[in-house]
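Colleague: Could you take a close look at one serine for me, the one in the loop after the opening strand, and then walk me outward to whatever else is worth seeing?

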Amino acid sequence: MIKATQGSVSMEAQWFVNSGTRVGNGWPLNRHFQRNRKAAHSVTLSMPSRRRVVSRRRLTVTAAAVAEANKSATKAETPVRIVAIVGEGSISPLKSTPWEEVMLHTAKRLKWIDESYKMHVFADRFCDATHPDTKNIQIVCNADILVIVAVTSKDSVVWIQTNCKNVQNIICFDSATEFVNKLGGLSFPSETERNVLGNIFGNSQVLEKRKKSEEVVQTVFEAWDRRNSDDIRFCLLVIINAYIKPVPILKNLRSKGFSTLNCMVKNCGRQILNCLMDPNCRKALQCLNKCSPVDQVCNYRCIASYESPNLEAFSLCVLQKNNCLELDAKVPEKPYVSPMEKFRGKDLCHETAEDLFVGWLGNLEWSWRVVAGQNPAYDQFPCQYQLFYRGKARGSFWYEPVFMVKTLEGKMVWRRRRYRVKRGQTAGTFLFSVLDNGVVSNEFWSIVDVCDDLSWGLFHYKGAARAAGQSYTGAVLVSPDGSYPQNDHQKERVVAALEKCGIKEWELFAVDNCSCIDPPLGIPDGSTLHSVIQVK
C-alpha cells in the first residue's frame, strides 16, 4: 500500500488560484456577512425590549437547537433505501464478473460505512409483467436511490419508467438511452455526461442547486468510469451525502468560509506565498481544484504527480499544525480483519510477525514486491517494493515503500515513504504512522496470511489522515518476485485470505512489475533484520 497526502488542499487551491473575493468553497465573503446581518436584523425587529430580546433569543436558540438535534437523530436512524437493477446475465468489466455479483458485494461493503444503508439487488427479469412480485415492486418504488446498470431490454425500460416515477434519485450506467437520470428530483438525460446540466437548468433555477448537481454528476460519472469496486461504492456514497443524509467519511473538505481563510492567513502566510511561487506546488493546487474534495483517487494523482517540499510545508501548516479545515477523520472500524494465528505450526508471536514483514530482505534487496492491491487510490502504482527492518533504537521497527509514479505529465518518477511501526495488542497486528506530504496518517495493519515458504503473503490495512479528513481501507498481495502464486492449492488459500478481508479476487489491481529500473532501495546502516525465522 502506497499513500501520499490525500489531496485535501483542494479548498486552498480554489481560493488562491482563483481571483476575487471568493473563499475556498467558491462563495463570496460578503454573502456570508449579508446572511448573518439579515438574520440579526430580523430578530431585532421582533423584540420590543432588551430584556425580551435576550429572553426570546435564548428560547429561540434553545428550541432551534433541540429541533435540530431531534432532526439529526431521526435522520441518522432512518434507513437509506437503495435498489440496484442490473441487466439479466450482464457482465461487468471487473475481470468479467457478473454485474449482479458486483452489486451484491457492493451492498455488503456499504454496511461497513453505515448499517442503515439497505441495498437490494435485482436482475431485470423481475420486471416481467407476467410474473409480478408485489413485495419487490414495493421495494423498488419506495427506493431513495435507484441504480440501473446494463439494462437494455425494452420491456424493462418501459416497466422502470412506468413504476419508478416517484423515485427522487435515479442514476443509470451502461444502459438504454431512453432512461433519464434524476438527482434530487431534477432530471437530465442518461450519460450525456459531465456538462449536460449546463444546458438544462434555466435562469429560474437557483445557482447553488445547479452548482451542487453539476459537481455531483461529474464526480459520480468520473468515479464510475474508473471501473473498480471502491469507486462503485463511492458513487452511491456521494449521492447519499448530497441528497439523503450526511456521510461522515465524505465530510466536505472545502473551506468553511471566513474562519478557514482567517486561520490560513494568520498562521501560514509564508507557506502560502512559497507554494504560489513554486511551479510544482502551484500545479498541485490547480490540479486539486479540479477534483471533487471527497475523491481520493483524483486528489492523490495530483499529489503524487506534483509533490514538493513547498507543498509539504503548505499542508503541514494549513492542515496538520493548525487544522484550518477543522477536520477529524477516524480509522474505519469495519472491517475488522483478524491476523493469522499460526506460522509453520507454531502460535504467532510478535517477533515472528515482524520477521514475516521483513520477509526476503537480506536474501534480496527488498522484503516483498507487491503483486496486486485492492485500493484504487494507493495500491495501483507500478514497481512497488516493500522494505521492513528493525532500527538501531531498541524496539524500533520501520516500513519504507518504494514505488514508481506516472505523473499527469507522463513522466515516470520514483517515490519513497517512511513509516514508524509499533506492535498492536494482538500478535500479527501493527500500528503504522507516517508524515506524508505534510499530513500525518495513522493505520492499522493485519498480517492476514503468509505461506510457510514465504512464497506469498497478504496484508490488510485501514487508516485515516485525520487533519485531511479522509479514511480508507485496502490490502496488498505480496511475493518475493512480484508474481502471482501459481499452485492451485495456494491460489485457493489466497482467495480464502481475501474473503477474511471482505475482498473478492476480482477487486484486485495487478501491479505492473516490468521495467523497474534502478529503484532507490537500501536501508540505514545499523539496521537489523530477522530475529526468529529462517528465510531460504
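**A serine, two cores and a helix pair**

Modeller: Happy to. Start with S90, which sits in the loop that runs between β1 (80-86) and α4 (99-113). Bear in mind that this is a predicted model. S90 has a relative accessible area of 14%, so it falls under the 20% cut-off and counts as buried. Its side chain has a polar partner, too: a polar atom there lies 2.7 Å from the backbone oxygen of G87. If you set aside the neighbours within four places in sequence, S90 is in contact with P98, W99 and A150.

Now for the nonpolar interior. The largest nonpolar core has 49 residues, and the members that touch the most others are L356, F357, F432, I447, V450, L454 and F459. Strand β11 (residues 397-406) supplies the largest share of this core, with seven residues. There is also a second, separate core of 41 residues, and V80, V220, F221 and L236 are among its members.

I447 is a good one to click on in the largest core. Again leaving out neighbours within four places in sequence, I447 is in contact with P339, M340, A353, L356, F357, G428, F430, L458 and F459. Three of the names there, L356, F357 and F459, also turn up in the list of residues touching the most other core members.

Next, a helix pair. Helix α10 (residues 279-289) packs against helix α12 (residues 309-321) at an angle of about 55 degrees, and their axes are 7 Å apart. That angle makes α10 oblique to α12. On the α10 side the contact is made by C281, A284 and L285, while α12 brings N310, L311 and F314. Sorted by class, the contact has five nonpolar residues, one polar and no charged ones.

Follow the chain on from there and you can look at V331, in the loop between α12 and β7 (342-343). Is V331 buried or exposed? Neither, really: its relative accessibility is 33%, so V331 counts as partly exposed. What I'd look at here is the pairing with N442: V331 and N442 are 111 residues apart in sequence, yet their C-alpha atoms are 7.5 Å apart in space. Beyond neighbours within four places in sequence, V331 is in contact with N442, and also with K462, G463 and A464.

Technical notes:
Residues numbered from 1 in each chain as written. Predicted model: local features only at pLDDT ≥ 70, side-chain atom pairs only at ≥ 80, totals over all residues. Heavy atoms only, no water. Helix = DSSP H or I, 4+ residues; strand = E, 2+ residues; numbered from the N terminus. Buried < 20%, exposed > 50% of the residue type's maximum accessible area, 1.4 Å probe, protein only. Polar contact = N/O pair within 3.5 Å; in protein donor to acceptor, adjacent residues only side chain to side chain. Contact = heavy atoms within 4.5 Å. Core = buried A, V, L, I, M, F, W, Y, C linked by side-chain atoms within 4.5 Å. Axes fitted to C-alpha atoms, helices over the stretch in contact; angles between N-to-C directions. Parallel < 35°, antiparallel > 145°, perpendicular 65-115°, else oblique. Nonpolar A, V, L, I, M, F, W, Y, C, P; charged D, E, K, R; others polar.
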